[in-house]
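I opened this notebook to keep track of what I looked up in one structure. The entries follow the order in which I went through it.

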Amino acid sequence: QVQLVESGGGLVQAGGSLILSCAASRSIFSISPMGWYRQAPGNQRELVATSGSRTRYTDSVKGRFTISRDNAKNTVYLQMNSLQPEDTAVYYCNLNIFGKEYWGQGTQVTVSS
């Protein structure tokens, strides 16, 4: 079993920045996809960014968000710049280990206009 602990959400004005962190409770393989999803009220949960054997971003965050990971610390980060009100959502950390998925508890990001 793996626990994921997220931190770094909050309230920010449009154009501002936040960094999210997600720490896994045990060692993870560097190729295990680890990333971030988000869910806004009334919407389905969507992929934001993931890092593993390759890095992927959803189109709406390309050029604004950067995902990185420190495998020695079992931690993945999401640097979010130029935040917009439409980025408001609960952000969830996700880890996939050989097809088994783990989720964090979620952290709220609110961007005011």
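Below are my entries on strands, salt bridges, the disulfide, backbone angles and the surface.

**Entry 1. Model status**

I note at the start that this is a predicted model.

**Entry 2. The open sheet**

I looked up the strand order and found 4 strands in an open sheet, running β1-β3-β8-β7 with antiparallel pairing. Its edge strands are β1 (4–7) and β7, each of which pairs on one side only. I recorded an average twist of 15 degrees from one strand to the next.

Within this sheet I checked the pairing of β3 (residues 18–24) with β8, which is antiparallel and has 6 bridges. For a register mark I took S21, which stands opposite Y77 in β8.

**Entry 3. Strand β4 and its partners**

I then went to β4 (residues 34–39), which pairs with β5 (residues 46–51) in the antiparallel sense over 5 bridges. Opposite W36 I found A49 in β5. The hairpin of β4 and β5 has 6 residues between the strands, and G42 in that hairpin has a positive phi near 80 degrees.

β4 also pairs with β9 (residues 89–97), again antiparallel, here over 6 bridges. What is the bridge partner of M34 in β9? I read it as L95.

**Entry 4. Salt bridges**

How many salt bridges does a search of the whole structure find? The search gives 4.

I started with R38 and D87, whose closest N and O atoms are 3.0 Å apart. This pair spans distant parts of the chain: R38 is in β4, D87 is in the loop between β8 (75–80) and β9, and 49 residues separate them. I find R38 buried, and D87 buried as well.

D87 has a further salt bridge, with R64, at 2.8 Å from N to O. Here too the link is between distant parts of the chain, with D87 in the loop between β8 and β9, R64 in the loop between β6 (55–57) and β7 (65–70), and 23 residues from one to the other. Both D87 and R64 are buried.

I traced the connections onward and noted a network of salt bridges that links R38, E46, R64 and D87.

I also logged the salt bridge of D59 with K62, where the N to O distance is 3.0 Å. Is D59 buried or exposed? I list D59 as exposed because its relative accessible area is 61%, and the cut-off for that class is over 50%.

**Entry 5. The disulfide**

My count of disulfides is 1. It joins C22 to C93, with an S to S distance of 2.0 Å. The angle about the S-S bond is -85 degrees, and I enter the link of C22 and C93 as left-handed. C22 lies in β3 and C93 in β9, so named from their strand runs, and the pair links distant parts of the chain, 71 residues apart. I find both C22 and C93 buried.

**Entry 6. Positive phi outside glycine**

I looked for residues other than glycine with a positive phi and wrote down N74, where phi is near 55 degrees. N74 is in the loop between β7 and β8. I class N74 as buried because its relative accessibility is 13%, and the limit for buried is under 20%.

S82 is also on my list, as a non-glycine residue with a positive phi of about 50 degrees. Its loop is the one between β8 and β9. Which exposure class does S82 fall into? At 36% relative accessibility, S82 counts as partly exposed.

**Entry 7. A nonpolar surface patch**

Last, I looked at the surface and found a nonpolar patch formed by F29, I31 and F98, with about 400 Å² of accessible area together. I31 sits in the loop between β3 and β4. I put I31 down as exposed because its relative accessible area is 57%.

**Entry 8. Cross-references**

I reread the entries for residues that recur. D87 is in a salt bridge with R38 and in another with R64. β9 comes up as a pairing partner of β4 and as the strand that holds C93. The loop between β8 and β9 holds D87 and also S82.

Conventions: Residues numbered from 1 in each chain as written. Predicted model: local features only at pLDDT ≥ 70, side-chain atom pairs only at ≥ 80, totals over all residues. Heavy atoms only, no water. Pairing = 2+ DSSP bridges. Helix = DSSP H or I, 4+ residues; strand = E, 2+ residues; numbered from the N terminus. Salt bridge = Lys/Arg side-chain N within 4 Å of Asp/Glu carboxyl O. Buried < 20%, exposed > 50% of the residue type's maximum accessible area, 1.4 Å probe, protein only. Axes fitted to C-alpha atoms, helices over the stretch in contact; angles between N-to-C directions. Patch = residues over 30% accessible without salt bridge, like charges linked within 9 Å, V, L, I, M, F, W, Y side chains within 5 Å. Areas by Shrake-Rupley, 256 points an atom, 1.4 Å probe, with all protein chains shown as cover. Disulfide = S-S within 2.5 Å.
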